[in-house]
Amino acid sequence: MTDNYKLSDYLLDVVKYMGSDDIFGVPGDYNLQLLDHITHRPDLSWKGNANELNASYMADGYAREKGFATFITTFGVGELSAINGLSGSIAEHVPVLEIVGAPTNKVQNNGSLVHHTFGDHNFDRFEKAHRALGIKSARLDSENAINKINEVAKYIYETKNPAYIILPTNLVEMEVNKSLQTDIPNLFTKDTIISDKSEKQIVSAINNSKSPVIIMGHEVDRFNVFDDIKSFASNNNIPVLDLGLGKGNIDESFDNFVGTYNGQISDEDINKYVENADTVILVGAKLTDSVTGGFTQQFDESNTIVLNYDNARIYGKDVDSDYNFKNIINALSTTKLEISLNAVNGNNKEIELTPSDNTLTQSFYDNAIQNFASKNNTIVAEQGTSFFGLADKRMPKGAKFFGQPLWGSIGYAFPASLGSQIANKKRRVVLSTGEGSLQLTIQELGLAFREKLNPIMFVIENSGYTVERVIHGMTEPYNDVPKLNYGLMPQAFGAKEDEYDFIEVSTEKELLDAMATAKEETDKFVLIQVNMAVKDVPTQLAKTATAFANQNK
């Protein structure tokens, strides 16, 4: 044990190596000593949040941009506040690590009645709650702390799933051998796996098809395999679609990309590719209700080849056990099939907009956002009118897009967009959210101005929870929300007058003028209030809402 190197130093060196340059969270007395080790080192930045739920959302957005994120909470009250956000990271396969500062091992072993507990001598109930949700968990102790940290780190690296570490306060300053630091890169090397048998099975099945299509999901981004899929599709003239869950982290401008699929409620020219396919190759996808038009996809396992990170099936039967997701996708990238297919024309056309003084509609707004997006933008869409209106819009080359269509936690998008912006200051985030969703997490405006972030935020003001209205209760008061004065919000949360611009729009021309201004004001946080009618909803949302309502009967 040399150079006064602590267990907390080792843990932070691991998360730094994995990609967390910024760490989110909320201070509490069980994690304060750990936070000292963050704030006292030059290569990490502490981003304190307004609450733990927002921290978990922000970490999720950061990880979607950077590949990994870390946030810190305190025992009990803090981790339970964050568990919703961490659950979203599980559902949508986002690699996030939560570190929980906990009472000392002595306090826990004695069952002392300390604060942030139920006062019942039981200190493992919160850990059990995380384990019950399928979250990889590790409670550190003096004997095996290093091994447990390493195990969790390798798990996140290999699976891209979230995890959870409990760090008792008495271990924060525990000295460990500094030579461990040099071994950290070795944690992230993989054994060589040969997937010859499963590769032959998969290629043979595709060769026996006559009109295959590829549908991509979120795991394509998590495991960074899009370029391989692009090569495979281009080499063999295979049409490619994506799902809303996974959209925008791939290049939607390449010739073989034909659109975003959403079951039978997709546009007709997109549906025909799936309807006419005899084999659907699903890559890293989950067929959830919100991205399949309420389970209206036009295929089943009898004509589907499923390639996911943890399993593969050909027409309902498992492939050989030597299957490895990245190996197979990499092998396909150079595969030239025996079948001959016609070249694909993705019809990548821009939408022409002729603005007028007419009242702004959801349809015009969605098309305007598509035209507004550029190669250095990440479009973040809150679940609801924003997501369903934008998910089928094609993003330009270089642009990114994400929402949370599976977990669908209201209020997620705002802090997630800030996390994405922090992860990559060279990109400019464009957020589209509803006023109802924003009210849940608006506290993070304070962080945005403190950190001098300059995103563009569109707030759709249409008097309530529109997505809920179209599912059930169009005129019911439970779908109403209070009206806020968004023009006053920036200064209320600490902004100086030269740090932001607030613009309110109600017509088509006003929207495009505001967008032009926002593009010019790159050094400001631009908040645009978009006024729309209560019952104006995207077509795909209206159709999906009908499916959801029928599911709930």
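## Exercises on a predicted model

Asn 237 is partly exposed, with a relative accessible area of 26%. The structure is a predicted model, and the exercises below work through some of its residues and helix contacts.

**Exercise 1.** Determine where Asn 237 lies and what sign its phi has.

*Solution.* Begin with the place in the chain: Asn 237 belongs to the loop that runs between α10 (226-236) and β8 (240-243). Next take the backbone angle, for Asn 237 is not a glycine and yet has a positive phi of about 55°. A second residue can then be set beside it, since His 121, also a residue other than glycine, has a positive phi near 70°, and His 121 is placed in the loop between α5 (105-110) and α6 (125-132).

**Exercise 2.** Classify the packing of helix α3 against helix α15 from the angle at which their axes cross.

*Solution.* Two packed helices are described by the angle between their axes and by the distance between those axes. For α3 (residues 52-66) and α15 (residues 413-423), the axes come within 6 Å and cross at roughly 45°. That angle makes α3 oblique to α15, and the crossing of the two is right-handed. The residues that meet can be listed next: α3 contributes Asn 54, Tyr 57, Met 58, Gly 61, Tyr 62, Glu 65 and Lys 66, while α15 contributes Pro 415, Ala 416, Leu 418, Gly 419, Ser 420, Ile 422 and Ala 423. Sorted by class, this contact of α3 with α15 has eight nonpolar, four polar and two charged residues.

**Exercise 3.** Carry out the corresponding analysis for helices α1 and α7, beginning with the angle between their axes.

*Solution.* The axes of α1 (residues 7-18) and α7 (residues 145-159) come within 11 Å and cross at roughly 10°. Because angles under 35 degrees count as roughly parallel, α1 and α7 are roughly parallel to each other. The crossing of α1 and α7 is right-handed. From α1, Leu 7, Tyr 10, Leu 11, Val 14 and Met 18 meet Ala 145, Ile 146, Ile 149, Asn 150, Ala 153, Ile 156 and Tyr 157 of α7, and the residues of this contact divide into eleven nonpolar, one polar and no charged.

**Exercise 4.** Establish how many residues of helix α13 are buried, and which elements cover them.

*Solution.* Helix α13 (residues 362-372) is mostly covered, with nine of its eleven residues buried; among them are Phe 364, Tyr 365, Ile 369 and Phe 372. The cover over the buried residues of α13 includes the strands β14, β16 (428-434), β17 (456-461) and β19 (525-531), together with the helices α14 (385-390) and α20 (508-520). One residue of β14 can be followed further, namely Asn 377, which is found in that strand (residues 377-381) and is in contact with Phe 372, among others. The side chain of Asn 377 reaches the backbone nitrogen of Ser 374 at 3.0 Å.

**Exercise 5.** Decide whether Asn 377 and Pro 168 are buried or exposed, using their relative accessible areas.

*Solution.* The cut-off for a buried residue is under 20% relative accessible area. Asn 377, with 5%, is therefore buried, and Pro 168, with 0%, is therefore buried as well. Pro 168 has its place in strand β6 (residues 163-168), and, not counting residues up to four places away in sequence, Pro 168 touches Ala 102, Pro 103, Thr 104, Asn 105, Gln 108 and Leu 140.

Technical notes: Residues are numbered from 1 along each chain as its sequence is written. This is a predicted model: local features need pLDDT of at least 70, side-chain atom pairs count only at pLDDT 80 or more; totals for chains, interfaces and linings use all residues. Side-chain values use heavy atoms; hydrogens and water are left out. Helices (H or I, at least four residues) and strands (E, at least two) are DSSP runs, numbered from the N terminus. Buried means under 20% relative accessible area, exposed over 50%, partly exposed in between (1.4 Å probe, protein chains only). A polar contact is a pair of N or O atoms within 3.5 Å; within protein, one must be able to donate a hydrogen and the other to accept it, and residues adjacent in sequence count only if both atoms are side-chain atoms. Contact means heavy atoms within 4.5 Å. Axes are lines fitted to C-alpha atoms, for helices over the stretch in contact, and angles run from 0 to 180 degrees between N-to-C directions. Angles under 35 degrees count as roughly parallel, over 145 as roughly antiparallel, 65 to 115 as roughly perpendicular and the rest as oblique. A crossing is left-handed if the near helix is turned anticlockwise from the far one by less than a right angle, and right-handed if clockwise. Ala, Val, Leu, Ile, Met, Phe, Trp, Tyr, Cys and Pro count as nonpolar, Asp, Glu, Lys and Arg as charged, and the others, Gly among them, as polar.
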